[in-house]
Amino acid sequence: MKKYLLFSFVLIVFCISTSKGATITPDSLQHLKQLAEQGYARAQCNLGNCYYYGKGVTKDYSQAVYWYRKSAEQGNAPAQYNLGYCYYYGQGVTKDYSQAVYWYRKSAEQGNATAQCFLGYCYENGQGVTKDYSQAVYWYRKSAEQGDATAQCNLGYCYENGRGVTKDYSQAVYWYRKSAEQGYDIAQYNLGVCYENGQGVPKERTQAISWYRKAANQGYNSAKGRLNRLLNPTSDDIKTNGGYASAVELKDGGTKYWKVSKGGRYGLTDAEGKVIVPTEMESLESAGTGYLRYKLNGFWGLMNYAGRIIIDTDRGYTSIGDFKTFNKRFSYTMAGYKGECDVTGRQVSKIKVETPPQQQVVVDKEETPQKKEIIIKHDPIPVQQWQACWACGGMGTMGCDNCGGSGTKYIGDRLHICSRCNGRGIIPCNICYGNKGQYITVYQ
């Protein structure tokens, strides 16, 4: 879990005209200098900002420190913080954590939230003071309660790790959320970790992804890594996160899935590990593009990759073949029968399977141990026999299901020729596809 402040900005300014990114005219700069030289503390602080950012003057950290000090010595809290900041980073003065803490404390005791946060950070890391987690929490809390996002995140970190307080994940989440909702990227990342691991909140993958994405969109690299791992998990990730014995990649078109197993049973998850089919199946196999066959209680069924059952196992199928793209059907077998069904699971053919008689050996009744006469009866000869289609009665056509056989159809208040049958009122039979029937095997 990450926490750190990353003090990359934070000089406090009073006047927008002297803030970072703003412009200042020569006249206003001259007036500001006059006020500063007359001893006005706020003007001195803002003149320090001009030198710090190089606004209207050449950037000069030494001059910035000079004016910050004049203002700070008059008790100006923002200038005290800014002077501490310069000591902390060694800008315009020799780096000196003790002096940084001295001026942070001066500002913090006047209620400056940013100075309070920095002072807490110094206590947490033992910079310029003896390391003291309790004091760190004290100052973080003062700053956090004023709405400082960095302090809120750091206070959450202390609760998560039991630094200066009793470890409390729910309080960690509370402060991380406060900070994250203000857009602080590290807090957004930390809150995502809590959701991913179920610390202080129920484990919730979608929430983890949401907070990681917010932090990643701000360029936070750790969040980018976690987000990528959740959205594109490896086999080991799927096994670890789901407690599976195995995870095998399946692809349906360009979409990725995982066939997972647990306790000798199989199931299906999406690419991110979300369960589609629980691990309850005795077997689970691809049955062609868009379909899976599964085995349960000794029989086979068919489903799609969304987990919707197309053929239930209660039909008693002992096998189901792969999807045939040329006629959009599946072959099946069941006790004493075989046939084909369509993509809705409706049987379009069902043929009784005649089991050929077994080869028989007849032994002469007057057999002797020395001599036997053996008569062999040959198997019946299979013959192909034409069977008329049951749906169209061997006609090869049927009434159009779009216009009801009339050849025309109203669209709005106008009568149009049916686009399906082109006005003929009939279409090829959708069972035999115009073949009028099919050959079946019989034995003679």
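**Salt bridges, rings and a few buried side chains**

Okay, let me start with Arg226, which is partly exposed, with a relative accessible area of 23%. Before I go on: this is a predicted model, so please hear everything that follows in that light.

So what does Arg226 meet in a salt bridge? Its partner is Glu196, at 3.1 Å from N to O. Those residues come from distant parts of the chain: Arg226 belongs to helix H12, residues 221–231, while Glu196 belongs to helix H10, residues 185–197, and they are 30 residues apart.

Is Glu196 buried or exposed? Buried, as its relative accessible area is 14%, and the cut-off for buried is under 20%.

Glu196 also forms a salt bridge with Arg229, where the closest N and O atoms are 2.5 Å apart. Here again the pair links distant parts of the chain, with Arg229 in helix H12 and Glu196 in helix H10, 33 residues apart. Arg229 comes out as partly exposed, at 25% relative accessible area. Put together, Glu196, Arg226 and Arg229 are linked in a network of salt bridges.

How many salt bridges does the count come to? Twelve. Another one I'd like to show you is between the side chains of Arg293 and Asp322, at 2.6 Å from N to O. Arg293 sits in strand S6, residues 291–296, and Asp322 sits in the loop between strand S9 (317–320) and strand S10 (329–334), so this pair ties together parts that are 29 residues apart in sequence. As for accessibility, Arg293 is buried, with a relative accessible area of 12%, whereas Asp322 is partly exposed at 41%.

On to the aromatics. A search of the whole structure turns up 22 aromatic pairs. One of them is Tyr66 with Trp67, an edge-to-face pair with 5.0 Å from centre to centre and 85° between the planes. Tyr66 counts as partly exposed, at 40% relative accessibility, while Trp67 is buried at 8%.

Then there's Phe323 with Phe330. Why is that pair called tilted? Because the planes are at 45°, and tilted is what remains between under 30 degrees for stacked and over 60 for edge-to-face. The ring centres of Phe323 and Phe330 are 5.2 Å apart. Phe323 and Phe330 are each buried.

If you have the structure open, also look for the aromatic cluster: ring pairs link Tyr81, Tyr85, Tyr88, Tyr89, Tyr97, Tyr104 and Phe118.

A couple of tyrosines have a lysine over the ring too. Lys259 lies over the face of Tyr266, 4.9 Å from the ring centre. Likewise, Lys350 lies over the face of Tyr337, 4.6 Å from the ring centre.

Next door to Lys350 in numbering, so to speak, we have Ser349. Where is Ser349 found? In strand S12, which covers residues 347–352. Ser349 is buried, with a relative accessible area of 10%, and its side chain reaches the backbone nitrogen of Glu340 at 3.0 Å.

Last, cysteines, for anyone thinking about disulfides. How many does the structure hold? Zero. Among the cysteines, Cys45 is buried, with 0% relative accessible area, and Cys341 is buried as well, at 1%.

If you keep one picture from today, make it Glu196, Arg226 and Arg229 in their network of salt bridges.

Notes: Residues are numbered from 1 along each chain as its sequence is written. This is a predicted model: local features need pLDDT of at least 70, side-chain atom pairs count only at pLDDT 80 or more; totals for chains, interfaces and linings use all residues. Side-chain values use heavy atoms; hydrogens and water are left out. A disulfide is a pair of cysteine sulfur atoms within 2.5 Å. Buried means under 20% relative accessible area, exposed over 50%, partly exposed in between (1.4 Å probe, protein chains only). Helices (H or I, at least four residues) and strands (E, at least two) are DSSP runs, numbered from the N terminus. A polar contact is a pair of N or O atoms within 3.5 Å; within protein, one must be able to donate a hydrogen and the other to accept it, and residues adjacent in sequence count only if both atoms are side-chain atoms. Rings of Phe, Tyr and Trp (its six-membered ring) pair if their centres lie within 6.5 Å; planes under 30 degrees apart count as stacked, over 60 as edge-to-face and the rest as tilted. A charge sits over a ring if NZ of Lys or CZ of Arg is within 6 Å of the ring centre and within 35 degrees of the ring normal. A salt bridge is a side-chain nitrogen of Lys or Arg within 4 Å of a carboxyl oxygen of Asp or Glu.
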